[in-house]
Each structure stands twice: as structure tokens, then as C-alpha cells.
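Dear colleague,

I am handing over the structure we spoke about, and I would be grateful if you could read the notes below with the coordinates open beside them.

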Amino acid sequence: MSSRVRAILGAQWRCTWHLLTRPGGRVLAGILWLFWYGLWASVGVAAGIYTALASRADLAVVLPAILMGTFLFWQLAPILTTDAGASLNVRKLQLYPIPDGELFVVELLLRLITALEMLLVLAGTLIGLVANPDVPGWLPAPALLLFVAFNLFLSAGLRSLLERLLAIRRVREIVVFAMVTCGALPQLLAATGRGGHLLRLLSFRQSVFVPWAAASRLALGSQTIPALPILCAATVAAYVFGRLQFRRSLRFDAAAARSTGSSGSAAWADRLYAWPAALFSDPLAALVEKELRTLARSPRFRVVFLMGFSFGAIIWWPLMHGGHSGPGGLSYPVVVSGYAMILLAEVAFWNQFGFDRSAAQLYFSTPAPFALALRAKNVAGMTFVGLEIALILLVCTVLRVPLSLASIAQAILVTLVFSLYFLSVGNVSSVYQPRPVNPEHSWGRSSAGRFQLYMLLLFPAIAAPVALAYLAAWFLESRAVFYGILALDALVGTACYHYATRAAVAAAEKRTEEFLAALSQDGGPFVVE
Amino acid sequence: MPEATPAIGVCNLRKVYGDRAAVDGLTLAVPRGCFFGFLGPNGAGKTTTIRMLMGLAPPTSGSIEILGLPMPERGLEIKARIGVVPDESVLFDRLTGGEFLEFAGRMYGLDRAVAAARALELLTLFELDMETRKLIVEYSKGMRKRLAMAAALIHRPELFLLDEPFEGVDAVGARMMKDLLLDQVRNGATVFLTSHVLEVVERLCDRVAIIDQGRLVMESSMAALREGSETLEDAFVRLIGADRVQGKLDWL
């Protein structure tokens, strides 16, 4: 490893260390880390026990499936979650005379860290295979090492390619949308009775010409001769692809790519932005208008907004048996709206000042009170929630989901009640856990890891009031009970919103300096967003 | 490499964003050992030009030669011999000043011990050694600029590309930085500097160029300018801002 690579890794380690040693940062980050990787370590142990005890015949069937699973997770999980973990901070590193090869080594290390879960599974599998008396002892290690190298090179190349595509205005939303829709297709095919196509596709996994099957056969010592050259060739091809795409990304001029296409708004969009002036007086109207424009122009927001009514509709279609109602009269539009709400919350509720970054100080230096800025962000967020529901109902009509006035009212009312609780938590978290987010990035998390842990614990509480209404309707088989409890939920939600917003405003005014400093922070040699 | 080649030579340089040319047919030669001021109004193309010289943005067309080497073809060799202070922050917020300087030194190929020793000396010189455990995120704007300048010096470059290096720096700090740069020029280094403060350029630079809407509108030695009746400010306003200074608003 060259001294420059060591220096980059050392600098990143110091950045991470300084971040973790902040007061209160270490324990929660540690818990989250232990929970997640503990889970995957258990999967690794299970894979190890199975591969150690299974017969060779069983392994011939199951091992390709395990390797295909790791391949899919490694390559597709970052795409489907629109979160590829850390990346090189090329903007800062390209000032220095660092050869491309050395940066590629760091990139590969990053891709390795991003896929730590899969390394745990593969390590367990490898130990199990080595311990299995039916498997030739020396073959699994080189087979799985080659397979890891293949995945690393391919993921580096795919990431670089996507990074460039996602930097091009207008193209990025289409690319992300196409990717996530592709991710939902197998489920849709299986649920719509076209599973035969899917099975035929999956049976391809047994062919020695696919890398996971080749790695499996090499590891088990069967058909070593075609498997080894095929796996080597796939690894070399992945290396060439990865290196080429990475090199192109280093030379890529993101500013020039972003400049293609107009950034201004169309006349119809201007009408949408102008509605606050008809309802509110300034400065609230101006603040809401600014929020609407800002959100609508943020690629990150556009991607999740688009996913809500499209990807959401696709992914929930088979789960709701073709748009039919669930227990307690839980309707398809309600489920899709709830899902869209969760997606939108990541960018419009949990971290409302993230896109404002250093401009947030304006909220404290103008005569408009901070409470007004927060309210404007809530109004803008709810405007898009309303739009999202309208689009979901439109999609339902296209999909011929039976829609009655009652089901439409239910979708709207449930989402409104749900949003009261979302806004309450969001207003508090936006002030206590602000985090700068680059709105130009189509993927990445907008809230801090620590907050994601809070959400894991808080989410059942946020969903409980609405879930209670459905449970009661299911047990008592009464719509009146459902709407009664929903009305009660709305009252409690309004009170929660009122007190949470007051607390958030008080906290923002008390911790203004910390709040602004948190929003203007930048990273280290790696970008973690 | 023959010393006769200019420190910076650009020919017909053009950078287009969408349908707008940020830099439009720029041709310029900066002699070695020169303190060169590159001026222009906001949005004139100064930062785009300097970013192309630093190798941070590829030109749409035209050629760049830095220290006799073509950019971007020999980018690595060029980057090893230049010191840069870009307009935006290129510091890592979660490092201390000392850690960042050591990192920068190692990036330029210095041995770790040498980089650490120089980092300490630079911290002292730039008066950033008071709180060694302070993270860069806690630095003021002026401190960040001083640190960026220190990082640009750590490998003793032959050419400095500085985009608004004194912005936000207090008078004492700015004076120290100016003296340091003048020393470097006396020792044979070349400085290419952009600044909005015309007095600074007038006092430091041997030659100046003015760019407007991506095009070069004037290039002259300061000596020739001083011989005429105009100050640098007069020339600047005449060339690009005559109509702007006359405008006024009734309500203001």
C-alpha cells in the first residue's frame, strides 16, 4: 500500500475518530453498529453451520443460491436503497498528485467496507466449506477470494457509472426510477402469475457461465476446468470495467453535466409555487413559496417523490392481492400513501434544514420568527403529501383498483393523521439532529445514523394511533369505531404537533450556534451521505 | 525542461457550460518568476480559468501548459509542482490544522516525519498553533484561508495558483501572507492570483490581466500601467464597469 493511500486512510480514520469521540456520539453509534453487523454475523454463522454439515449434493444446489444472493445484495442493495455508503471525496483529493491507480485502491477498500455484511456471510460460508469433509479443503478459499474480487471490481465500476449518470440533470431521476422499478419486477412477476418467466430466469443460476455458479463449482471441486477460467475471465472483465469507469468518473466534469437543460421553472410550476400568496400573508407566503421551489428543484426530493406513487404502487400491488383491502378495511391507497409518506419524510420531515446548509442562518437574521420558517417547511411538506395522494389515487384509477368515496376519504384522512405525528417528530429531530445534505445527490441518507436508530425505536409509536384504529375496526367490525378512533388520534396528534413545534422552536432559539454549526459541517477524504 | 517556457501558457482556452461560454478563447502567457494578477468582475470566468489551470475542470477546447508541461496529460507531474488555494474550502473539517497539513504534505510525496515537522513550522508561522487540538470545523473563515495557504506551501512549489487567498483574512495575517508570497517570487517562484481587491493587486503584482464575460480585455505590466495617467481601478472601471457605477435607484 502506497504512502498516499495510507495517508488518506489515516486522515479518514482521524476524521471518524473525532466524530465518534463527540459527547454522546459513541454509545449510540456503537449500538447501531453492533445491532446491524451482529445480525449479519448471525447469518454468516448460520451459513457456516449449514455448509459444514450439508452433503455435497445439497451444496451443489444451495451454494450457488447463497453466492447469487451475496452478488445481488452487493451489487443491487446500494442501488435499491439509493444509498451507496461512503465515497471518495474526489473534489478535495483531485488537487493532489495522486495516481489514478492509488485512488482506485482506496475506492476498492470503500466498496469492501460498504459490503461488510456480505463479507461476514462469505467468511461463514468459507469456514463451513473448509470444515466440511465432503469438500476438497484447498479449493473454497481461492474460489471465494476470486468471487469477492469479482464483486469488488464490478461494484466499483457500477458505482462510478451510476455516479456519472446521476450527475446529469433530468437523467438522474429517470435512472433511479428505472433501477428501483426493475428491483420490484420479480415480485410483481411472481404475484401476477408470471412466475414461470422468473423461475426460468433464476434457473440460469445453475449455468457454469454465471460467476456465482462458477465460483460454487470451483469451491466444491466439480467441473473445475471450465469453472476456474470462467471465474478468472469474469474477474478480469470486472477489473477492466471497474478501472475504466472509475477513471472516467475522475475525469468527469460534473458542473458541465449539471449545466445541460434548463434549471428554471415552467409556467405551470410557477402557478403551483404561487398559491401560498393566495392563502397566507408575507413573510409566511414567501417562506412557503421558497420551500416549494427548493424541494421541487432538489434531485434527492424528486426521486423519492417519484418513487412514492410509482414504485410504491408497484411494490404494494402484489402484497395487497391486486389492490384489495386488508384487515380492518385497510385499503390499497392507504398503504401506498403511508409508504410514500415514509419515503418523503426522509427528505421533507426528519431533517428539514438539511438542504438549507449554511443559508439556515438567514432564519435567525431576518425579522421573521424562526417558528414561521418551521411552519412554512411543514406547509410545503404537506403540500407535496397532498400531491402525492392525488397521484396515488390517479395510479389506482389506472390500475383499476376499486375506489369508492369512502376509500378516497380514508386515504386522505389516515395520511393527514399520520402526518401530524410525522411532523411532530420531524420538527424536533430537525432542530436536534440537523445534518447538511447535498440536494444535488440523488441518493444518500438525509438523517444522521444516530437519528436512524431513534426512528427504529420511535416508528412503532408513530404508527400506533392509526394502527389502533384499524385494529379496533377489525375486532369490532365497525366503520364508526374506526372513524371515531381516527378523530381521537387527530386530536392527540394536533396536541402533539403543537407542543413538539413549540419545543423545537424554543430549542432552536436556545441552541442557535450549535444548530448552525451542525448544518455547515463538511466531511473528510470520504463522503458519507 | 527549458526555463524559457512560461510558467503558464494558455491558448484559445474555452469552457462551455450548457449554451454559455464561461471562458471564451482565452490566450495568456505568465512568465516565470512573475507575480501575476488576474482580475475581473463577478462571473467573468476567473474561477473557471483557475480551476482549469489546477486540473479540476477539463477545458472544452484550447490548450494549457503549466511549467512547460501539458495539462491534463501530465497532470500528476504538474500537481506535484504547484501550490493551490481554490475559492471553495478543500479542508477536511474533522481534522485538526496540524493533521491536515501533515496529510497535505504526504499527498505531495513528503516523508511522514518531514511533513509533520513542516506542518508544525507552518502552524507557528501562520499563527495557528495556539490551540493544536482545535478541529478545522471550529476555525474562522480567515483561519481556514491561512491554513489553505499553509497547505499550498508545504511542498515548496514552483507555481502558486491562488483564488482570492486574502478573503476573510485579517490585516496582520494578510500582510504576512503577502510578504511570504513576495519572498517566494524573489526566490524564483511564480504566483498567479485572483482578487477583487485592486489595491492588493496593484501593490503586489508585476503584471495584470483583466477578463470579462470569459474574454481577455486587457493585459499589461504594472510598470506600463503606472507610466500612464490611469490607476488600475480607473482602467478596470473603464474597461468593464463604466455603466455600472453610474446606475442608481430612486427609492434607495
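To begin with a small point, which residue in β7(B) does B:Gly83 stand opposite? Please bear in mind throughout that this is a predicted model. The residue is B:Phe160, and the two belong to strands that pair in the parallel sense, β6 (residues 82-85) of chain B and β7 (residues 159-163) of chain B, which are joined over 4 bridges. Along β6(B), B:Ile82 and B:Val84 point one way while B:Gly83 and B:Val85 point the other way, and all of these residues are buried. This agrees with the general rule that in a regular strand the side chains alternate between the two faces of the sheet.

Chain B also holds an open sheet of 4 strands, in which the pairing is antiparallel and the order is β2-β1-β4-β5. Its edge strands are β2 (20-30) and β5 (69-71) of chain B, each of which pairs on one side only, and from one strand to the next the twist averages 30 degrees. At the β5 end, strand β4 (residues 61-66) of chain B runs antiparallel to β5(B) and is joined to it by 3 bridges; B:Glu65, for instance, has B:Pro70 in β5(B) as its bridge partner.

Turning to chain A, helix α7 (residues 140-166) and helix α11 (residues 224-251) of that chain pack with their axes 7 Å apart, at an angle of about 30 degrees. Because angles under 35 degrees count as roughly parallel, α7(A) is roughly parallel to α11(A), and the crossing of the two helices is left-handed. The residues that make the contact include A:Phe150, A:Phe153 and A:Arg164 from α7(A), together with A:Leu231, A:Tyr239 and A:Arg248 from α11(A). Taken by character, the residues of this contact divide into 14 nonpolar, 6 polar and 3 charged.

Finally, there is the interface between the chains, where 26 residues of chain A are in contact with 23 residues of chain B. On the side of chain A that touches chain B, the elements giving two or more residues are α1 (3-20) and α12 (254-258) of chain A, and the largest share, 8 residues, comes from α1(A). That side of chain A divides into 12 nonpolar, 8 polar and 6 charged residues.

With best regards

Note on methods
Residues are numbered from 1 along each chain as its sequence is written. Chains are lettered from A and ligands numbered from 1 in the order in which they are written. This is a predicted model: local features need pLDDT of at least 70, side-chain atom pairs count only at pLDDT 80 or more; totals for chains, interfaces and linings use all residues. Two strands pair if DSSP finds at least two bridges between them. Axes are lines fitted to C-alpha atoms, for helices over the stretch in contact, and angles run from 0 to 180 degrees between N-to-C directions. A residue is buried if 20 or more other C-beta atoms lie within 10 Å of its own, exposed if 12 or fewer, and partly exposed in between; C-beta atoms are placed from the backbone. Angles under 35 degrees count as roughly parallel, over 145 as roughly antiparallel, 65 to 115 as roughly perpendicular and the rest as oblique. A crossing is left-handed if the near helix is turned anticlockwise from the far one by less than a right angle, and right-handed if clockwise. Two residues are in contact if their C-beta atoms, placed from the backbone, lie within 7 Å. Ala, Val, Leu, Ile, Met, Phe, Trp, Tyr, Cys and Pro count as nonpolar, Asp, Glu, Lys and Arg as charged, and the others, Gly among them, as polar.
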